[in-house]
Amino acid sequence: MTNKPFNFSKLLCILSLFLSFGFLSCSAKKDSQAAEQIETVTQEEEIITETNPTETTMPSLTEQLESKANLFKEKADPEKVKNYEAAIQKVAESGIIEKSKKEGDKAPNFTLPNAKGEQISLSDKTKEGYTIITWYRGGWCPYCNLTLRAWQDILPQMQAENIQFVAISPELPDSTLSTKEKNELEFEVLSDAGNKVAKEYGIVFPLDESIKAPYKNMGIEEYNGDDSYTLPLAATYVINSDNEIVYAFLDADYKKRAEPSEVLAKVKSMK
């Protein structure tokens with residue numbers, strides 16, 4: 001029998017196949033491990049997202065007002081800041097808070113025109129349930145605009161609870177219409193020309209002489225249709241179906257307002 005010569009080429013081919021298979025197995029194993037690591041990281045990211053969600057909560061009205069006030073102090077002329085703060089202090093010392101309508105008092109009824117000139121009565125509102133009234137100085141006031149928008153934000157919640165809401169200012173109906181459109185307000189914005197209703201609630205004060213000029217330059221006479229230079233406190237009341245005041249927020253500082261969410265919670269607790 002003739003021995004065939006050893007075929008080194010075939011041996012090399014077989015070794016190559018073994019090596020290739022080993023490499024592929026190793027590679028597949030590494031790919032599988034990598035896939036598992038990616039899946040694990042993805043799951044961890046989902047957990048982190050669930051337990052530490054991205055901050056999307058809007059700042060409270062109080063926080064927004066404080067931010068606005070701090071910016072004014074930083075940017076405005078120091079003498080102007082001093083005059084405004086002194087004027088606020090005079091309002092606080094005037095005794096207006098003590099004399100105004102408060103919790104437990106009967107709410108004076110009123111009928112005022114809305115932005116369209118339609119007559120809106122408080123008694124009609126309270127028949128439907130609890131009614132929240134907030135006074136604002138005017139659409140020219142940045143603090144007021146922040147406040148009105150904050151009330152608009154919770155309007156659906158108030159409506160769901162059948163809570164009525166109106167905002168009042170001494171501005172003429174044309175001015176209130178502008179304010180309503182600018183802030184996209186869906187609630188009633190009423191015009192209390194001459195602060196007649198605000199006087200019944202005891203919340204009207206005259207502007208201090210030291211700060212009248214800026215208001216005149218701003219056009220307050222045109223906005224309000226008079227030259228009385230009087231404004232209402234930024235007051236908020238809750239009135240029940242018996243026309244009784246069951247909550248009152250009063251502050252001499254126009255930069256401080258009732259927190260809408262807190263007032264809503266208060267009313268819900270009364271129901």
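In this predicted model, lysine 255 is buried, with a relative accessible area of 11%, and its side chain meets that of aspartate 253 in a salt bridge of 2.9 Å from N to O. Aspartate 253 likewise counts as buried, because its relative accessibility of 10% falls under the 20% limit for that class. These two residues do not stand alone, since Glu85, Asp253 and Lys255 are linked in a network of salt bridges. Side chains of opposite charge can pair when their charged atoms come close.

The count of salt bridges in the model comes to 7, and two others among them involve residues that are not buried. Lysine 212 and glutamate 209 meet through their side chains at 3.0 Å, N to O; lysine 212 counts as partly exposed at 26% relative accessibility, whereas glutamate 209 is exposed, with a relative accessible area of 58%. The side chains of lysine 216 and glutamate 221 also form a salt bridge, at 3.5 Å from N to O, and here lysine 216 is partly exposed at 49%, as is glutamate 221 at 25%.

Charge is also found on the surface, where Glu103, Asp105, Asp242 and Glu244 gather in a patch of negative charge. Aspartate 105 belongs to the loop between helix 4 (96–99) and strand 1 (111–113), and its relative accessible area of 30% makes it partly exposed.

Strand 8 (residues 236–239) pairs with two strands in the antiparallel sense: with strand 3 (residues 131–135) over 4 bridges, and with strand 9 (residues 245–249), again over 4 bridges. Isoleucine 133 stands opposite tyrosine 237 of strand 8, while isoleucine 239 has isoleucine 245 of strand 9 as its bridge partner. Within strand 8, Thr236 and Val238 point one way and Tyr237 and Ile239 the other, and all of these residues are buried. Strands 8 and 9 form a hairpin with 5 residues between them, and asparagine 243 in the turn has a positive phi of about 60°.

Most residues other than glycine have a negative phi. Besides the turn residue, asparagine 195 has a positive phi, of about 55°, and lies in the loop between strand 5 (188–191) and helix 9 (196–200), where it is buried with a relative accessible area of 2%. Tyrosine 229, with a positive phi of about 50°, is found in the loop between helix 11 (220–224) and strand 7 (230–232), and is buried at a relative accessible area of 10%.

Conventions:
Residues numbered from 1 in each chain as written. Predicted model: local features only at pLDDT ≥ 70, side-chain atom pairs only at ≥ 80, totals over all residues. Heavy atoms only, no water. Patch = residues over 30% accessible without salt bridge, like charges linked within 9 Å, V, L, I, M, F, W, Y side chains within 5 Å. Areas by Shrake-Rupley, 256 points an atom, 1.4 Å probe, with all protein chains shown as cover. Salt bridge = Lys/Arg side-chain N within 4 Å of Asp/Glu carboxyl O. Lys, Arg positive; Asp, Glu negative; His and termini not counted. Charge placed at Lys NZ, Arg CZ, Asp CG, Glu CD. Buried < 20%, exposed > 50% of the residue type's maximum accessible area, 1.4 Å probe, protein only. Pairing = 2+ DSSP bridges.
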